[in-house]
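The following exercises concern the packing of helices, the surroundings of a ligand and the backbone geometry of one protein model. Each task is followed by a worked solution.

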Amino acid sequence: MDLSTTIAGVRFPSCFMNASGALCVTREELLALGRSRAGAIVTKSMTLEPRDGNSTPRYYGFPGGSINSMGLPNLGYRAYASLIPELKTLGKPVIASVAGLCEDDFPTIAATINEAMPDLIEVNLSCPNIPGKPQIGYDAEASERLLKRVRKIITVPMGVKLPPYFDPAHHAAMGAVISRCGIDFLNLINSVGNGLVVDPEHEVVVIKPKGGFGGLGGTIIKPVALANVRAFWKIFEGRMPIIGTGGVVSGVDVFEHLLCGATAVQIGTVLVEEGVNVFGRLETELAAHLSKKGYKKLEDCRGKLKEL
Ligand code: RRO
């Protein structure tokens with residue numbers, strides 16, 4: 001079964017890749033993704049300066065998913081810019097994830113990273129975990145201003161990582177912003193921000209930063225991810241490539257993302273939990289499921305979700 005895919009003209013040997021943040025901060029982690037069966041290498045979202053991130057514990061996995069408040073631990077954009085040529089020798093696309101602590105950081109980082117020529121750049125408008133910094137993706141005007149600025153600088157295919165939206169009016173408003181900014185692909189969704197997981201036995205929160213509030217990932221967010229993939233697939237009438245992120249644990253979860261309109265999927269929580277061997281498992285499971293359903297390739301089911 002051919003599980004390769006193409007996003008904005010870039011071919012991916014497999015439709016599976018890491019979600020930014022999951023096992024992709026250090027050179028060693030990025031090289032391990034390169035050696036694995038992942039279809040791409042996605043970097044941790046990068047900031048101007050290197051960051052240690054928030055205080056620990058800052059990640060907690062539980063049976064239904066995970067909560068994190070990493071706080072953008074990363075090597076800083078200069079380090080990722082110098083790693084990109086090496087990562088590009090590993091036979092799969094490199095996606096650089098660009099973040100920032102304020103709007104002006106993004107164009108600075110974008111300029112240097114673009115020169116390093118990753119295959120694609122993902123602009124992260126949706127980190128929920130920096131104390132005092134609201135998610136840019138929840139401010140349509142700020143998003144548009146920022147995306148127009150970086151679009152002038154970035155010459156490789158440019159995508160946007162959005163937070164989940166919970167109202168059709170918000171899907172429509174962001175869809176209109178995206179249409180005006182020359183965006184080549186979407187990545188939906190970032191973690192469901194500012195959830196709270198409680199340990200009832202010890203009557204305490206499970207992560208330290210922000211009083212225990214953090215971004216939710218894994219199985220529990222799958223319906224939210226699928227809804228966002230579907231909503232934007234419809235807004236763009238199937239013509240905007242979408243990376244589906246959120247709640248992918250099994251091959252059937254991937255199939256659901258494909259039905260909603262995803263072109264590829266990213267793996268966060270379950271990659272952290274299982275390590276890079278998860279990519280081989282998911283390939284096997286998806287291939288078996290597609291064969292069982294009589295589908296010969298990914299495109300045959302993309303977006304084909306039926307309505308009642
Ligand atoms: O580093 C983080 O805390 C983090 C980021 Br930048 C993000 O985009 N999403 C997330 O769940 N955590």
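The exercises below refer to this structure, which is a predicted model.

**Exercise 1.** Determine how helix α1 is oriented relative to helix α2, and identify the residues that form their contact.

*Solution.* Step 1: locate the helices; α1 covers residues 27-35 and α2 covers residues 77-87. Step 2: take the geometry of the pair, which packs at an angle of about 25 degrees with the axes 11 Å apart. Step 3: classify the angle. Angles under 35 degrees count as roughly parallel, and α1 and α2 are therefore roughly parallel to each other. Step 4: assign the handedness; α1 passes α2 in a right-handed crossing. Step 5: list the contact, to which α1 gives Arg27, Leu30 and Leu31, while α2 gives Tyr80, Leu83, Glu86 and Leu87. Step 6: sort these residues by character, which yields five nonpolar, no polar and two charged.

**Exercise 2.** Carry out the analysis for helices α3 and α4, and state the character of the residues in their contact.

*Solution.* Step 1: α3 comprises residues 105-115 and α4 comprises residues 140-151. Step 2: their axes lie 9 Å apart, and the packing angle is about 25 degrees. Step 3: this angle makes α3 roughly parallel to α4. Step 4: the crossing of the two helices, α3 and α4, is right-handed. Step 5: on the α3 side the contact is made by Phe106, Pro107 and Ala110, and on the α4 side by Leu146, Arg149 and Val150. Step 6: the contact of α3 with α4 holds five nonpolar residues, no polar residue and one charged residue.

**Exercise 3.** Describe the packing of α4 with helix α5 and classify the residues that meet there.

*Solution.* Step 1: α5 spans residues 168-180, and α4 packs with α5 at an angle of about 15 degrees, with axes 10 Å apart. Step 2: α4 and α5 are therefore roughly parallel to each other. Step 3: α4 passes α5 in a right-handed crossing. Step 4: Ala140, Ser143, Glu144, Leu147 and Lys148 of α4 meet Met174, Val177, Ile178 and Arg180 of α5. Step 5: the contact of α4 with α5 divides into five nonpolar, one polar and three charged residues.

**Exercise 4.** Which residues are around the ligand, and what distances separate Met70, Leu72 and Asn129 from ligand oxygen atoms?

*Solution.* Step 1: collect the surrounding residues, which are Lys44, Asn68, Met70, Gly71, Leu72, Pro73, Asn124, Cys127, Pro128, Asn129, Asn190 and Ser191. Step 2: consider the backbone. A backbone N or O atom of Met70 is 3.1 Å from an oxygen atom of the ligand, and one of Leu72 is 2.8 Å from an oxygen atom of the ligand. Step 3: consider the side chain of Asn129, in which an N or O atom lies 2.8 Å from a ligand oxygen atom.

**Exercise 5.** Locate the cis peptide bonds that end at Pro57 and Ile189, and place the positive phi of Met117.

*Solution.* Step 1: the bond from Thr56 to Pro57 is cis, with omega near 0 degrees. Pro57 belongs to the loop between β4 (41-42) and β5 (59-62). Step 2: Leu188 and Ile189 are joined by a cis peptide bond with omega of about 10 degrees. Ile189 is in the loop between β10 (185-188) and β11 (192-196). Step 3: Met117, although not a glycine, has a positive phi of about 55 degrees. Met117 is found in the loop between α3 and β8 (120-124).

Definitions and conventions. Residues numbered from 1 in each chain as written. Predicted model: local features only at pLDDT ≥ 70, side-chain atom pairs only at ≥ 80, totals over all residues. Heavy atoms only, no water. Axes fitted to C-alpha atoms, helices over the stretch in contact; angles between N-to-C directions. Helix = DSSP H or I, 4+ residues; strand = E, 2+ residues; numbered from the N terminus. Parallel < 35°, antiparallel > 145°, perpendicular 65-115°, else oblique. Left-handed = near helix turned anticlockwise from the far one by under 90°. Contact = heavy atoms within 4.5 Å. Nonpolar A, V, L, I, M, F, W, Y, C, P; charged D, E, K, R; others polar. Near = heavy atom within 4 Å. Polar contact = N/O pair within 3.5 Å; in protein donor to acceptor, adjacent residues only side chain to side chain.
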